[in-house]
Structures are given as structure tokens and as C-alpha cells.
Amino acid sequence: GSGLPVQELRAQFPVLHQKVHGHPLAYLDNAATTQTPLAVQQAVQRFEQHDRANIHRGVHSLSQRATDAFEAARATLKRFIGAGAEHELVFTSGTTEALNLVAQGLWAAGPAKAWLRAGDRIVVSGLEHHANLVPWQHAARMSGAELAILRPDAQGRVHVDDLRALLTPRTRVLALTAGANATGERPPYEEMLAMARAAGALTVLDAAQAVGHAMPGLAQLECDFMAFSGHKMYGPMGTGALAGRRAALELLHPLRLGGDMVEWVSYESAGWAALPARLEGGTPNVAGAVGLAAAARFIDGVGRGAIDRHLHALRAQAVAGLSAIPGVTVLAPHATQASLVSFVARDVHPHDIGTLLDERGIAVRTGHHCAQPLLDHLGLGPTTRASFALYNTSEEVDRLVAAVARAIEVFQ
Ligand code: PMP
């Protein structure tokens, strides 16, 4: 085993203890959404039962406690991601909102003031989830900038030399994933962020698939913006954050204008509040932030190094088992980070595989995984994806491999 007390940990996740179609649930859809431990559920419940109130403007005790809880959650998360003194963290509803906040915030101030202008270049890797591509397509259209794609090779890898060739004096943004959700590829993002930043671009890292188990601290990266989701790191759904250098966050035109993000308002105009409030207009998901901070503490309690080793072991076992099935091709078998395995089977549609697996209590995801351009580029259609969390076991991976082999026998 990998050294994690997996059975003890499983006891903290009530949802895992159920049968699906008469079989014990094997939940292998963690790249889409992980489950929450009792510690997270209890933190949310405690807030709801004792401290719930609107924040930042009340003099009464509950409002002050809610404000304190929200700001304590921010501090916990900044520590969790390894933020330095130069960094700030803005709560969002998830990675998608965080990336939209950056992409829209860089053109929304208009052609006179915005960071992105006509003739500039935006570089986006070809590995991205739609959430880190579509907002940049829109940003390019709205600003008149050009969108350049860092194209993966036939194995789905992106290369530093190819990035170097795309960087020009007009390159203003590099947007890159820390782990591709459709293939498991882990680009050399440390080096790529540093290269782009040295060339004068703002760097944007989509950490949705990495933040819960394997990443250098934010202060160790040449990263201006980093986005992540709570529901992929054992936290509540509808939570997440945009973290980044204060100086970079200052460049963003706010997306949500209204209460809480202004310093003063007249009928004619308004002056904005300082960060982070400026980018958090409206009443935030305070219970969610409290739950997300509890998830960060839970992960730190288990240990990200130990979690990452466990996930690596499960992935290696799955890659070996699935690759040995005739007709199965594993995507990015070499991948070194993202805790998932994506595969295709000759002549068998992923939907059929996923359906047969569900009949055996095994939850996987099938389809394009919101990364259709990447799968098109690789000449692949939809795939089947199994993805792992700290509560998964090697027995579950054995069941996965056996059930996939059986599905291929049945359908081929
Ligand atoms: N980026 C990556 C790499 C992802 O895996 C996901 C979720 N599948 C997202 C962005 C979007 O995250 P959310 O739906 O939580 O906003």
C-alpha cells in the first residue's frame, strides 16, 4: 500500500458507504467532483447553526462572527496554496468564474485602459478545459487581440520550445493548466510560466486538477493568477477562488458591480473598494468558504505528499491494468501528475462502457470532458475517464479493470 490509512479515511465519507445496483459503490469520478468528509459537512453545519449572517456591514455579533469566519477562511486558503505577502485571494463560485474574472477583467475596462488591446496576443495551451479556452476566445474577440494555441504533439504533450516560438513582445497572456482533465497530462508549467512572465505576459494557471494533491506553493511559481474549485478538493460545490499577485489582480475590471465592492457611490458614479472586496461584489457564499477552508485543513491533516503518492500508485495500477486489455489505448500513459486515467477501446463506445460499469457500482465519466478541441486534435472522440481520490483503494482499481475487460468482451 501507499501508507495512507485509507479505511480510516473512508469512514469520514458517508456517501461512499452505499450500494449501487447491488454492488458496493466504487466512486471513480473524482476529477469531476470529489466527495466531502464529515469535517467539511460539520464546519458548514456549525456556521449555519451558530454564525449565519451577512458579512462586512453589520455591527451585530452574528455579522461580526460571520465576517471573522469568512476572513479566517481566506487566510487558511492563502496558507494552503502557499501564497506570499504579495498575493491576495478572491472567493469565487469555482474555477470557471475565476477564469472568467481574469479573462473578462483584462478587456472590460475598454480599449483605453485595458491590459488587452487590438494587436496583442493571448497564448492558451491546447490542453485546456473549455473554462480556460472559451473565455479567452471571447477576450480576443472583444479586445481585438489574437488567440494563439500552444499545440500538443500526437501524445498530448506540450513543449517549452513550442511556447518560446509563440512568445512575442505583444504576448500579454499565457493561460495554462497544471493538469489536463481529459488526459491526465501534466505540462511543465513551472518552466512555461517563468518563460512567459519573463517575456512580459501575465500568467494564468488553472489548478483545478492539481490543487488538492500536488503543487508547488504559489510563491514558488511565476504565476500571476491561479484558479481552483472547492468541489474537486473535498470542499463544497459552488466554491473556489482566484488567487494571484495583488499587482495583477489590480489590473482586473470587476465582473460583478454592486454592493460590497464599492467605497462610495453617487447617482452618477462610484469608486471601487480595495482588494479583495473589489472583486467580490454581492453577498458571497460564506458557508461555502468556511467549508472550503475546512477541506484545506482536512487535506493538510492527511498530507498532500502522502495523498499524491497514493494517487500515483492507483493511477499506475490502472494504467498497467487497462493497457493490458486488448484493444484499449490509454491516453498520456506517461503523465506524471493528474490523478486520472483516460482511455478509449477499439469499437466500443465509452457510453456503453460507462453504463456497464455503473451496473457494477463503478462510477466513471465518459464523453469529451469539456475538452473537445484537445480530443479532436489528438484524433480521438469521447473517452472513458476514471479518476482517483484519497479514499480509493487498489481493490476498486481491480474492479475497474475487470469490468472494462468484461465490457469490451460484451460489446466488441
Ligand atoms: N479546469 C479544469 C482543468 C477542470 O477539470 C474543471 C472541472 N472539470 C474546470 C476547469 C472547471 O471547474 P468548475 O466546473 O468547478 O468551474
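Begin the tour at Asp-260: with 17 C-beta neighbours inside 10 Å, this residue counts as partly exposed, because a residue is called buried only from 20 such neighbours upward and exposed at 12 or fewer. The model in the viewer is a predicted one. Asp-260 sits in the loop between α8 (246–249) and β11 (262–265). Display its backbone torsions: phi is positive, about 80°, although the residue is not a glycine. For context, most residues other than glycine have a negative phi, and most peptide bonds are trans.

**Further backbone exceptions**

Select Asp-347 next. Its phi is also positive, near 70°, in a residue other than glycine. Asp-347 belongs to the loop between β14 and α11 (350–359). With 8 other C-beta atoms within 10 Å, Asp-347 is exposed.

Move then to the bond from Leu-275 to Pro-276. This peptide bond is cis, with omega near -5°. Pro-276 lies in the loop that links β12 (270–272) and α9.

**The two domains**

Colour the chain by domain. The assignment gives domain 1 as 6–30 + 303–411 and domain 2 as 41–300. Taken over C-alpha atoms, the centres of domain 1 and domain 2 are separated by 28 Å. Where the domains meet, 23 residues of domain 1 are in contact with 24 residues of domain 2. On the domain 1 side of this contact, α10 (304–323), β14 (340–345) and α12 (372–377) each supply at least two residues. By class, that side of domain 1 has 14 nonpolar, seven polar and two charged residues.

**The nonpolar core**

Which residues of the largest nonpolar core touch the most other members? Select Val-102, Leu-106, Ala-207, Met-226, Val-290 and Leu-400, which hold that position in a core of 131 residues. Helix α9 (residues 286–302) contributes the largest share of this core, 11 residues. The core also draws at least three residues from each of domain 1 (6–30 + 303–411) and domain 2 (41–300).

Centre the view on Ala-207. Leaving aside residues up to four places away in sequence, Ala-207 touches Ala-178, Met-215, Met-226, Ala-227 and Phe-228. Met-226 thus appears among the contacts of Ala-207 and in the list of core residues that touch the most other members.

**Strand β4**

Select residues 87–92, which form strand β4; six of its six residues are buried. As general background, in a regular strand the side chains alternate between the two faces of the sheet. In β4 both faces are covered: His-87, Leu-89 and Phe-91 are buried on one side, and Glu-88, Val-90 and Thr-92 are buried on the other.

Add strand β10 (residues 240–245) to the selection. β4 and β10 pair in the antiparallel sense over six bridges. To locate the register, pick Glu-88, whose bridge partner in β10 is Gly-244.

**Strand β17 and its partners**

Go on to residues 383–387, strand β17. Is this strand enclosed or open? Five of its five residues are buried, so β17 is largely enclosed by the rest of the structure. Thr-383, Arg-385 and Ser-387 are buried on one side of β17, while Thr-384 and Ala-386 are buried on the other.

Show the strands paired with β17. β14 and β17 run antiparallel and pair over four bridges; along this pairing, Val-341 stands opposite Ala-386 in β17. Strand β16 (residues 365–367) is joined to β17 by three bridges, again in the antiparallel sense. Here the bridge partner of Thr-366 is Thr-384 in β17. β14 was met earlier, as one of the elements that supply residues to the side of domain 1 touching domain 2.

**The ligand**

Select the ligand and its surroundings. 14 residues surround the ligand, and the closest are Gly-94, Thr-96, His-129, Asn-181 and Ser-229. By class, this shell divides into four nonpolar, nine polar and one charged residue.

**A last stop at the surface**

Finish at Gln-49, in helix α2 (residues 38–51). With 8 C-beta neighbours inside 10 Å, Gln-49 counts as exposed. Draw a distance from Gln-49 to Arg-170: the two residues are 121 residues apart in sequence and 53 Å apart in space, C-alpha to C-alpha.

Conventions: Residues are numbered from 1 along each chain as its sequence is written. A residue is near a molecule or strand if its C-beta atom, placed from the backbone, lies within 6 Å of it. Ala, Val, Leu, Ile, Met, Phe, Trp, Tyr, Cys and Pro count as nonpolar, Asp, Glu, Lys and Arg as charged, and the others, Gly among them, as polar. Domain bounds come from an automatic or database domain assignment. Two residues are in contact if their C-beta atoms, placed from the backbone, lie within 7 Å. Two strands pair if DSSP finds at least two bridges between them. A nonpolar core is a set of buried Ala, Val, Leu, Ile, Met, Phe, Trp, Tyr and Cys residues joined through C-beta atoms within 7 Å.
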